[in-house]
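Trainee: Could you take me through how to read a model of this kind, feature by feature?

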Amino acid sequence: MTGIIKLTDRYTEAAIDDEIVVMRIDTGDFFALSGTAAVIWAMIDGQRDRMSIVAELIEQFDVSEREIQPQVGQFLHQLYQAGLIVQA
Amino acid sequence: MKTPAELMIERETRVSLGPVPRCLFGDPLGETTWQMLDDEFLLRGEGDHYFHYRKGFGITIDRGEDADLSEEALWLNGSVYGAVASLNGLVPIHASAVALGGRVFAFTGPAGAGKSTLVAALGDLGLPMFCDDTLVLDLSDPDRIICLPGHKRMKLRPDALELTGAVKQEEVSKTVDKVYALPSAGDVSFALPLACLVFLEEGNSLKVEPISGAERLRRLQDDHQTSQLYGAAQQLDRAGQFSHLSRLARQIDMAVFTRPRDVMRFKDGATVAASYIEKACQEP
């Protein structure tokens, strides 16, 4: 299995209410994560890959794979584009 | 009884007259600019009017021949006080505030947003002023944020004076179109915990809405003037500034107060703000 890794030297984060705010240290750009995005962010631990994140979300939130798969893919792509994660 | 932070700021803001350096580094300061280096702050006002602070030694004012003394209190109570607070770990916020139920309700916004006018109007509704223009926060207790009582006198534009019922005092200075004013309900002179920070905005409707999450952090970042002083004093890098503002965002309840800038509806706005504060005081 190939896990997704957070590039922890590039950002800092803070939980405010039920949102997670992630800031790129080099640019100061903010990313506010709430709802499913915050849950996915918390799941990225270097072990889980995209499919295992999808499987856990289906179990936790009782949603279909067809529904959740594109959301996860899109969000991970955004994180990748923002330079916050890489594939191990 | 005064808190350790109150005693410290009293001690550190004592003023004496004497010669001061013309710069802390680099070239001599231009008019109305400042420098900060380690535990020192130097500000030059108009002409040869210098204010120098060094931690543990208080503030020294150097009045050159062309110093405008009518501006001295403004510099002293404004940027100089903010720098002294920041160098000693206190956080100045650009806000005016009232107190009710043993807590502080602060209003913030850019210059001209109506912070002082609203606080004066709330005085007319029986809420005493806590501070005008600058709210100083003590973050030494990790579990709560304590506000130090205001060090500035209330300043109002003449038209605001008529709207609010505050009592007119002398003119602020030759260059500022404001007068000092006494708020109708008096003021509070002891430290209190912060209840809420309310951002003032213009809009057609009259409403107070809570804000949460990342929006709190974003709003705090807009307070450039005071953030800059605190960041420079504490030598915060971007991550340190983020961590500092995140703590404030987590611990301070925040709201947006939207109201039209319409003289005819001004009293309605003050009533809405007062109702919000009274309701907040009834909540546990």
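The dialogue below goes from chain A to the contact between the chains, and then into chain B.

Mentor: Keep in mind from the start that this is a predicted model.

Trainee: What does the secondary structure of chain A come to, and in what order do the elements run?

Mentor: A fold is usefully read first as a list of elements and then as an order. Chain A has 3 helices and 5 strands, and from the N terminus on they run β-β-β-β-α-α-α-β. The radius of gyration of chain A is 13 Å, close to the 12 Å that the globule rule gives for 88 residues, so chain A is as compact as a globular protein of that length. Its C-alpha trace spans about 35 × 30 × 20 Å along the principal axes, and buried residues make up 19% of the 88 residues in chain A.

Trainee: How many residues of chain A are in contact with chain B, and which elements of chain A give two or more of them?

Mentor: An interface can be read by its residues, its elements and its chemical classes. Here 13 residues of chain A are in contact with 12 residues of chain B. On the chain A side, the elements that give two or more residues are β2 (11-16), β3 (19-24) and β4 (30-33) of chain A, and the residues of that side divide into 7 nonpolar, 3 polar and 3 charged.

Trainee: Turning to chain B, how is it divided, and which helix gives the most to the side of domain 1 that touches domain 2?

Mentor: The same reading serves for a contact between domains. Chain B is divided into domain 1 (4-87) and domain 2 (93-282), whose C-alpha centres lie 25 Å apart. In the contact between them, 14 residues of domain 1 of chain B meet 17 residues of domain 2 of chain B. On the domain 1 side, α1 (4-12) and α2 (72-87) of chain B each supply at least two residues, while α2(B) gives the most, with 8 residues. By class, that side of domain 1 of chain B divides into 8 nonpolar, 4 polar and 2 charged residues.

Trainee: At what angle do helix α3 and helix α8 of chain B pack, and which residues meet there?

Mentor: For a pair of helices, one reads the angle and the distance together, and then the residues. Helix α3 (residues 115-124) of chain B and helix α8 (residues 266-282) of chain B pack at an angle of about 75 degrees, with their axes 9 Å apart. Since angles of 65 to 115 degrees count as roughly perpendicular, α3(B) is roughly perpendicular to α8(B). Leu118(B), Ala121(B) and Leu122(B) in α3(B) meet Ala270(B), Ala273(B) and Ala274(B) in α8(B), a contact that has 6 nonpolar, no polar and no charged residues. An α-helix has 3.6 residues a turn, so residues three or four places apart point the same way. As for its surroundings, α3(B) is mostly covered, with 9 of its 10 residues buried, and just after α3(B), Gly126(B) takes a positive phi of about 100 degrees.

Trainee: Is Val136(B) buried or exposed, and which residues does Val136(B) touch?

Mentor: For a single residue, one counts its neighbours and then names them. Val136(B), placed in strand β9 (residues 134-138) of chain B, is buried, with 26 other C-beta atoms within 10 Å, where 20 or more suffice for that label. Not counting residues up to four places away in sequence, Val136(B) touches Ala85(B), Leu90(B), Pro92(B), Cys147(B) and Leu148(B). The C-alpha atoms of Val136(B) and Tyr81(B), 55 residues apart along the chain, are separated by 9.7 Å.

Terms used:
Residues are numbered from 1 along each chain as its sequence is written. Chains are lettered from A and ligands numbered from 1 in the order in which they are written. This is a predicted model: local features need pLDDT of at least 70, side-chain atom pairs count only at pLDDT 80 or more; totals for chains, interfaces and linings use all residues. Two residues are in contact if their C-beta atoms, placed from the backbone, lie within 7 Å. Helices (H or I, at least four residues) and strands (E, at least two) are DSSP runs, numbered from the N terminus. Ala, Val, Leu, Ile, Met, Phe, Trp, Tyr, Cys and Pro count as nonpolar, Asp, Glu, Lys and Arg as charged, and the others, Gly among them, as polar. The radius of gyration is taken over C-alpha atoms; the globule rule is 2.2 Å times the number of residues to the power 0.38. A residue is buried if 20 or more other C-beta atoms lie within 10 Å of its own, exposed if 12 or fewer, and partly exposed in between; C-beta atoms are placed from the backbone. Domain bounds come from an automatic or database domain assignment. Axes are lines fitted to C-alpha atoms, for helices over the stretch in contact, and angles run from 0 to 180 degrees between N-to-C directions. Angles under 35 degrees count as roughly parallel, over 145 as roughly antiparallel, 65 to 115 as roughly perpendicular and the rest as oblique.
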